[in-house]
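Q: I have a structure open on my screen and would like to learn how to read it feature by feature. Could we go through it together?

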Amino acid sequence: MSARVLDGKAVSQTVRNEVKGEVDRFVSKHGRRPGLEVILVGENAASVIYTRNKEKAANEVGIRGVLHTLPETTSESDVLALLDRLNQDDAVDGILVQLPLPKHINEARVLESINPKKDVDGFHAINAGLLLSGRPNLVPCTPLGCMRLIQESGVDLTGAHAVVVGRSNIVGKPVAQLLLAKHATVTMAHSKTRDLPGLCRSADVLVAAVGRAELVRGEWVKPFAVVIDVGINRIQDGDKSRVVGDVAYAEAAEVAGAITPVPGGVGPMTIAYLLHNTVRAATLRSG
Ligand code: NDP
């Protein structure tokens with residue numbers, strides 16, 4: 001048996017087209033483009049690529065994407081001052097601070113300083129709390145992307161057992177909340193979980209957000225399960241390096257009903273939902 005591949009590239013293009021339609025409607029109603037400001041502090045190579053891609057993707061769907069590139073030595077108070085200015089600027093709908101920040105900057109303090117109504121990453125405690133209390137406002141992008149791919153798989157989540165491996169605030173916890181809201185029975189697993197293989201084998205939907213290359217083996221997967229692999233891990237393969245997920249793809253694809261590849265699965269969905277969140281923030285603020 002070979003699983004159906006959940007093609008994140010194709011689905012993310014559909015989401016981008018949907019967002020473009022919403023941007024056009026917003027522009028004709030309000031006479032301005034939704035604005036997304038992306039802040040990068042330092043020169044982390046991956047972050048430079050991610051932030052450029054976000055700015056480019058925004059402009060491609062008609063969002064006014066602006067990238068602020070600040071030197072590694074920027075002080076926390078200067079970052080907070082920039083956030084303050086953007087928080088108050090009515091033309092700015094979404095603000096994103098690229099993580100990780102340099103060590104001398106307090107990440108929590110910075111994230112909590114973003115106006116929750118402009119928090120398109122959905123990391124602010126107010127947005128996390130609203131999601132937890134069943135009144136989602138701005139929800140983290142990667143979990144939204146996971147849910148869209150799960151929807152594409154056609155699985156009925158009501159009463160299904162969903163196992164989420166990983167309990168980060170960015171992926172694991174919010175994806176578990178979204179699955180719960182869709183009436184799945186959700187188990188969250190982490191590094192202290194006993195018998196992780198046995199637990200995973202009981203999952204109708206298995207979400208791996210761990211950051212350990214190919215941790216989840218084929219024999220951990222329940223036949224016909226939906227497997228969502230969030231992991232992005234660079235491994236050395238001879239003298240070349242390549243990116244793999246948290247799931248041993250070839251093995252798991254033999255057992256699963258549907259599976260996301262890495263790359264080309266969850267990854268492209270994250271940017272698509274950042275654009276979605278920007279238009280949502282703009283619409284929630286401006287009507
Ligand atoms: P974190 O490092 O914040 O969290 C990892 C989680 O995995 C923790 O809860 C940890 O448990 C758990 N864990 C670690 N080792 C094991 C293990 N051996 N068995 C079971 N659980 C384990 O990672 P993130 O959530 O930020 O990211 C996870 C992965 O997803 C990474 O590869 C990251 O690059 C990728 N990612 C991909 C995105 C995309 O767009 N596709 C976006 C965001 C992340 P504990 O809490 O006990 O330490």
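Q: Let's begin with a glycine: is Gly145 buried or exposed?

A: A good starting point! Keep in mind that this is a predicted model. To call a residue buried, we look for a relative accessible area under 20%. Gly145 has a relative accessible area of 0%, so Gly145 is buried. You will find Gly145 in helix α6, which runs over residues 141-153.

Q: Which residues is Gly145 in contact with, leaving aside its neighbours within four places in sequence?

A: Look for partners that come from elsewhere in the chain. For Gly145 these are Met269 and Tyr273. There is also a C-alpha pair to look at: Gly145 and Leu274 are 129 residues apart along the chain, yet 9.6 Å separates their C-alpha atoms.

Q: What does Ser12 touch, not counting residues up to four places away in sequence?

A: Ser12 touches Pro268, Met269 and Ala272. Met269 is thus a partner of Ser12 and also of Gly145. Ser12 belongs to helix α1, residues 8-30. Its relative accessibility is 4%, so Ser12 counts as buried.

Q: How should I read the nonpolar core, and which residues have the most contacts inside the largest one?

A: Here is the general idea: in soluble globular proteins, nonpolar side chains tend to be buried together. In this model, the largest nonpolar core has 47 residues, and those with the most contacts inside it are Ile63, Ile150, Leu179, Val207, Ile228 and Val230. Helix α10 (residues 266-286) supplies the largest share of this core, 9 residues. The core also draws at least three residues from each of domain 1 (30-116) and domain 2 (141-267). Apart from it lies another core, of 20 residues, including Ala3, Leu199, Trp220 and Ala225.

Q: How far apart do the C-alpha centres of domain 1 and domain 2 lie?

A: They lie 29 Å apart.

Q: Let's zoom in on one core residue. Where does Val230 lie, and what is it in contact with?

A: Val230 lies in the loop between β8 and β9 (233-237). With 14% relative accessibility, Val230 counts as buried, because the cut-off is 20%. Setting aside neighbours within four places in sequence, Val230 is in contact with Thr142, Cys146, Val171, Val207, Ala208, Ala209 and Val266. For a view across the chain, try Gly166: Val230 and Gly166 are 64 residues apart in sequence and 10.0 Å apart in space, C-alpha to C-alpha.

Q: Now the ligand. Which of the 21 residues around it come nearest?

A: Those are Arg167, Ser168, Ser191, Ile232 and Thr270. Among the structural elements, α10 gives the most to the shell around the ligand, with 3 residues.

Q: What polar atoms do Arg167, Ser191 and Ile232 place by the ligand?

A: Check whether each atom belongs to the side chain or the backbone. In Arg167, an N or O atom of the side chain is 2.7 Å from an oxygen atom of the ligand. Ser191 also uses its side chain, with a polar atom 2.5 Å from a ligand oxygen. For Ile232, a polar backbone atom is 3.1 Å from an oxygen atom of the ligand. As for cover, the ligand taken alone exposes 930 Å², and the protein buries 70% of that.

Q: Which backbone features deserve a second look?

A: As a rule, most residues other than glycine have a negative phi, and most peptide bonds are trans. Here, a cis peptide bond joins Leu99 and Pro100, with omega about 0 degrees. Pro100 is in the loop between β4 (94-97) and α4 (107-112). Another cis peptide bond joins Val262 and Pro263, with omega about -5 degrees; Pro263 sits in the loop between β11 (258-259) and α10.

Q: And where are Glu214 and Phe224, with their positive phi values?

A: Glu214 is in the loop between β7 (205-208) and β8 (226-229), and Phe224 is in the loop between β7 and β8 too. Phi is near 50 degrees for Glu214 and near 70 degrees for Phe224. Glu214 counts as partly exposed, at 27% relative accessibility, whereas Phe224 is exposed, with a relative accessible area of 60%.

Notes
Residues are numbered from 1 along each chain as its sequence is written. This is a predicted model: local features need pLDDT of at least 70, side-chain atom pairs count only at pLDDT 80 or more; totals for chains, interfaces and linings use all residues. Side-chain values use heavy atoms; hydrogens and water are left out. A nonpolar core is a set of buried Ala, Val, Leu, Ile, Met, Phe, Trp, Tyr and Cys residues joined through side-chain atoms within 4.5 Å. Buried means under 20% relative accessible area, exposed over 50%, partly exposed in between (1.4 Å probe, protein chains only). Helices (H or I, at least four residues) and strands (E, at least two) are DSSP runs, numbered from the N terminus. Domain bounds come from an automatic or database domain assignment. A residue is near a molecule or strand if one of its heavy atoms lies within 4 Å of it. A polar contact is a pair of N or O atoms within 3.5 Å; within protein, one must be able to donate a hydrogen and the other to accept it, and residues adjacent in sequence count only if both atoms are side-chain atoms. Accessible areas come from the Shrake-Rupley method with a 1.4 Å probe; for residues, only the protein chains shown count as cover. Contact means heavy atoms within 4.5 Å.
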